[in-house]
Amino acid sequence: MLSTVTVFPAKPITAITTIENPKTLILQQCKTSKDLNQIHAHLIKTRLIHNRAVTENLLESTAILLPNTMDYALSIFDNIGKPDSSAYNVMIRGLTYKQSPHEAIILFKKMLETSVEPDEFTFPCVLKACSRLRALSEGEQVHAHILKCGFGSVEFVENTLIHMYANCGRVEVARRVFDGMSERGVVAWNSMFSGYMRSGCWEEVVKLFHRMRELGVGFDEVTMISVLTSCGRLADLELGEWINGYIEANGIKKSLALMTSLVDMYAKCGEVDTARRLFDQMDQRDVVAWSAMISGFCQANRCREALDLFNEMQKYNVDPNEVTMVSVLNACAVLGALETGKWVHFYIKKRKLKLTVTLGTALIDFYAKCGSVDSSIEIFSKMASKNVFTWTALIQGLASNGQGKRALEFFYLMQEKNFEPNDVTFIGALAACSHAGLVDEGQSLFVSMSKDFDIEPRIEHYGCMVDILGRAGLIEEAYQFIKNMPIQPNAVIWRTLLASCKAHKNVKIGEESFRRITILEPAHSGDYILLSNIYASVGRCEDALKVRRQMREERIKKTPGCSLIELDGVVHEFFSEDDGHAHLKEIYGGVEDMMKHIKSAGYVPNPADARLDAEEDDKEASVSHHSEKLAIAYGLIRTPPGTTIRISKNLRVCTDCHNATKIISKNKRGHRIL
DNA sequence: GTAGGGTTAG
């Protein structure tokens, strides 16, 4: 029988009887359950199974070695007449990691019921099970047992208690355990850091690290990883660089995790290029490292580079996971890269990635931002677990796609399902009211927010109210609302009102809004255009021109308009008067053709949308070189007739491009542009 | 037997 074993027979199995520590032999040489089976059979045959030490070694081997199953270990355990605490410990540990922490706790109860005294090794295992289940009340009961058994001052036990309380959301209790320790090793500090990180208390990590240094406690790699991660979240570049310097000065080994946390720290502190340099220097990069760099580009608003990096990652044959996909979807949402995002969705299904709350929420957000709200709703209904983020993403998505009423239905539904809306949810709900023209409902939501939900309105909420009133044409009310705000209105608030004044042709309050903006910050080019258009809309052309002239004289910088088109999964970026594209000639030729075509179909160029410094006779050429027209022309060149062309852009589309697009969409080539 | 890197809504 033994001759069939290929991995085992280096030594005859009878060696077990003579070797001092049979566990070492078993652990080192067994690779599969078949190997263990043979040893088990041998032990029965030689009656060694009745030797407790041998059996417990076998138990430990089966509990730890065999992946994903505790069945074998359980069958051995059940045959031990009176298992002692170490047998229980092995089982509790194995169950916690491999099967179910719940069963681990049940076994611990059984241990107590059968009067087997837990030892100091039992408690870290049980506490770990409680941590995994976030079972606070069980954890507290275990804590009581710990005190009763007199293990309250065992360092390992205290460390695990810190972890358990922090993981169950009671970081302040964890801190009490930490403060009560007579001896604090580096693991205690690190457990506390991780506890704060889990609760998002990044400042506390940094504070505690400073305390650690004051006390002269030595720290290690694990400490640095936690602190670097916190530096990233706090944008504390100074401390992050200090740690980097420490690593260099002390020749600390640059492990994968340490390097990743450095990359993450630099990226989150706005030093993406530094992060990229470090990333390129890494001799190995796993999925976490790639994900950190990809998300770094997303957060720096360099989403195109994020997608490029995602493609590169695949060339290196690193499989993306749920976390990677969240960032990738985020990039797709920003870029309007519908096809790439759909591919990601398909990949998630094909590779059976877990639709976690975070990933599902990212998908909802992605589809909504690409205008496919129906897909958002579909994902939402398929998600097994949801949280406030999920509901908020959907509500926001519906609201921004003009489905205000439907957004509000979900807003009330979430409360029926016992999810409490937070401040961001209310921003979504108020935006829904504003798009649906529901003034009364918006006002009562605003009141209810602080009265029933104890949420202090922030400037964003006031902004929503101004928008609700302004859009409904209640300009005077909106103005009074701003005047009565308990917090200082910012430029965004006045800008919102200015936009309403343009829609409802209110010169007086429009002028006032503009004046307020200029007091608070240098006005944007869009503000000048709005004011100019307000004058023009009531026939005050002289004043309209004056504003434009003023804008030119003050050399107001314009945010460059940028349009994106995705073709075969690649995002192409265009700027107005773009001269950086590889197919320049072809594109400008395409634009000329396109303009000729639509002119014959009734398009009239709108010189008001031309660049301000364009000469009179150049105005038509100027509008024809807007980034969206370049992107559309490129799309027409690159795709067969009948293909849907989707353009995303950073600014609101101008009137001229809007008109042009309408006509292009009806064009006989059959292209549609969304 | 205890601690560690990347992710979601404005």
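K369 and D365 both belong to helix α22 (residues 357-369). Four residues separate them, about one turn of the helix. Their side chains meet in a salt bridge, with N and O 2.8 Å apart. K369 is exposed, at 51% relative accessibility. D365 is partly exposed, with a relative accessible area of 24%. The model that shows this pair is predicted.

Other charged pairs occur in the model. The count of salt bridges comes to 23. Side chains of opposite charge can pair when their charged atoms come close. One of the bridges links distant parts of the chain: the side chains of R304 and E573 meet with an N to O distance of 4.0 Å. R304 sits in helix α19 (residues 303-315), whereas E573 sits in strand β2 (residues 570-575). The two residues are 269 residues apart. R304 has a relative accessible area of 30% and is partly exposed. E573 is also partly exposed, with a relative accessible area of 33%. A further bridge joins D543 and R540, whose closest N and O atoms are 2.8 Å apart. R540 counts as partly exposed, at 34% relative accessibility. Elsewhere, D273, R302 and E305 form one network through salt bridges that share partners.

The overall architecture of chain A was examined next. Its secondary structure comes to 37 helices and five strands. Along the principal axes, the C-alpha atoms fill a box of roughly 105 × 55 × 55 Å. The chain has 674 residues, and buried residues make up 49% of them. Among contacts with a separation of 6 or more, 62% join residues 24 or more positions apart.

The UniProt record, an unreviewed entry, places the feature "repeat: PPR" at five spans. These are residues 84-118, 185-219, 255-285, 286-320 and 387-421. Two of the spans were described in the model. Residues 185-219 are 74% helix and 0% strand, and their end C-alpha atoms are 10 Å apart. Residues 286-320 are likewise 74% helix and 0% strand. The end C-alpha atoms of residues 286-320 lie 10 Å apart.

The model also contains DNA strand B. The protein surrounds this strand with 53 residues. The closest are K128, N159, T229, T260 and R458. Of the atoms of DNA strand B that come within 4 Å of the protein, sugar and phosphate account for 46%. The residues of the surface near the strand divide into 19 nonpolar, 21 polar and 13 charged. Helix α18 (residues 287-299) gives the most to this surface, with seven residues.

Individual polar atoms of the protein approach bases and a phosphate of DNA strand B. A polar side-chain atom of D286 lies 2.8 Å from a base nitrogen of the strand. E120 approaches a base nitrogen through its backbone: an N or O atom there lies 3.1 Å away. For Q299, the partner is a phosphate oxygen of DNA strand B, 3.4 Å from a polar side-chain atom of the residue.

Two threonines were considered individually. T122 lies in helix α8 (residues 122-133). T122 counts as buried because its relative accessibility is 1%. The side chain of T122 makes a polar contact with the side chain of N89, at 2.8 Å. A polar atom of the T122 side chain also lies 2.9 Å from the backbone nitrogen of D119. Neighbours within four places in sequence aside, T122 is in contact with N89, I92, F108 and M111. N89 thus appears both among these contacts and as a polar partner of T122.

T274 lies in helix α17 (residues 272-281). T274 is also buried, at 18% relative accessibility, because the cut-off for this class is under 20%. T274 and N418 are 144 residues apart in sequence. In space, their C-alpha atoms are 45 Å apart.

How values were computed
Residues are numbered from 1 along each chain as its sequence is written. Chains are lettered from A and ligands numbered from 1 in the order in which they are written. This is a predicted model: local features need pLDDT of at least 70, side-chain atom pairs count only at pLDDT 80 or more; totals for chains, interfaces and linings use all residues. Side-chain values use heavy atoms; hydrogens and water are left out. A residue is near a molecule or strand if one of its heavy atoms lies within 4 Å of it. A polar contact is a pair of N or O atoms within 3.5 Å; within protein, one must be able to donate a hydrogen and the other to accept it, and residues adjacent in sequence count only if both atoms are side-chain atoms. Ala, Val, Leu, Ile, Met, Phe, Trp, Tyr, Cys and Pro count as nonpolar, Asp, Glu, Lys and Arg as charged, and the others, Gly among them, as polar. Buried means under 20% relative accessible area, exposed over 50%, partly exposed in between (1.4 Å probe, protein chains only). UniProt positions are given in the numbering used here, feature names are shortened, and annotations may be inferred rather than shown by experiment. Contact means heavy atoms within 4.5 Å.
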